[in-house]
Amino acid sequence: MSEPSGLRLGVDVGGTKCLAVVVDPSGAVVERKRVPTPRGAAALEEVLVELVQSFGVPVDSWLNIGLGVPGLVSREGVIVSSPNLPGIENFPAARRLTERLGRLIPIDNDANCAARAEWRVGAARGASDALIVTLGTGIGGGMVVGGRLVRGAHGFAGEIGHVVVDAGGRECACGRRGCWEQYASGTALRRLAREALLDGAEWPRSVQHRDDDAGDNAGDNAGDNAVDEAVVVRRAAEGGNESALRVIDEFADWVALGVATLIHVIDPESVVIGGGVAHRAEVVRHAVERHLADHLYASHVRPHPPVRLAHFGEDAGAIGAAFLEPDDTH
């Protein structure tokens, strides 16, 4: 491509693919490339260097280059732990890529990057205080407080899916019990749907794919069947099916419980929900907004932040990485 004046490059590392996007100042994607995610730190380093260089322009020509990866990422850009990237632990990714590419490459958790996309150029644009929640196979997202994305003392803040909403409840993949993502993720919605079917609920099992559903698999571990099945019941609810609407209502109550808990902590002016389950899903948004009143302290007198749908689908992490500035990680 020609000299990328004013353009940014963001790379989102997933469990199966690395997605690179070129974005303009508004966040619109100009170009994208995908390559399979390799196993191991050395192989990942090589793939990322090659991916950045594959656009055929000098690295210094980009306004910014950023990287989003799953798991715990320190403020120094070390991938401390990542269950979705086998063989990678305590890998100093920022230092290695900076040395290889000759410019500073900031790195953050992929969910933080997706939240940054919505805050900088998406549904929460202009907000000084915002909560962004991604409902995928698990729950990811981020919190903006005082005009900055919260990263915490070590860079590990924002693991909102592991807020406990049911002490001693369902066992989570993290080894603890009662985590929010066990009740309000795409996986949880699939379970609720199956339980409803066993109890006699009925709705169409096949739903015609629509072009505007391209982001249905966006979110944590995009493309997982848990999200796909959750989308089926969501679409049935959008069609007015009463059984599906009851499932969505129960699911939204769990979503609202976790959202309200975080509202109590940061008092945001805006709440954004996205991911495969909520992609362009007004039926989910309305139900979550309705149930917030049941869980907010002093609900009858306090302002209720509006619940908005995320603008970005599967590109969110890469777009947010493109807007990740070096100062954001320190």
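**Exercise 1. Find what joins the side chains of R96 and E99, and place both residues in the fold.**

Start with the contact itself: R96 and E99 form a salt bridge, with N to O at 2.8 Å. Here a salt bridge is a side-chain nitrogen of Lys or Arg within 4 Å of a carboxyl oxygen of Asp or Glu. This is a predicted model, where local features need pLDDT of at least 70, side-chain atom pairs count only at pLDDT 80 or more, and totals for chains, interfaces and linings use all residues. Residues are numbered from 1 along each chain as its sequence is written, and side-chain values use heavy atoms, leaving out hydrogens and water.

Next, locate the pair: both residues sit in helix α2 (residues 93-101), 3 residues apart, about one turn of the helix. Helices (H or I, at least four residues) and strands (E, at least two) are DSSP runs, numbered from the N terminus.

**Exercise 2. Decide whether D108 and R151 are buried or exposed, and say where each lies.**

First, the side chains of D108 and R151 meet in a salt bridge (2.9 Å, N to O). This pair links distant parts of the chain, 43 residues apart: D108 belongs to strand β8 (residues 107-109), and R151 to the loop between β11 (148-149) and α4 (181-184). Finally, both D108 and R151 are buried (under 20% relative accessible area; exposed is over 50%, partly exposed in between, with a 1.4 Å probe and protein chains only).

**Exercise 3. Work out how R285 and E282 are classed by accessible area.**

R285, at 14%, is buried. E282, at 38%, is partly exposed.
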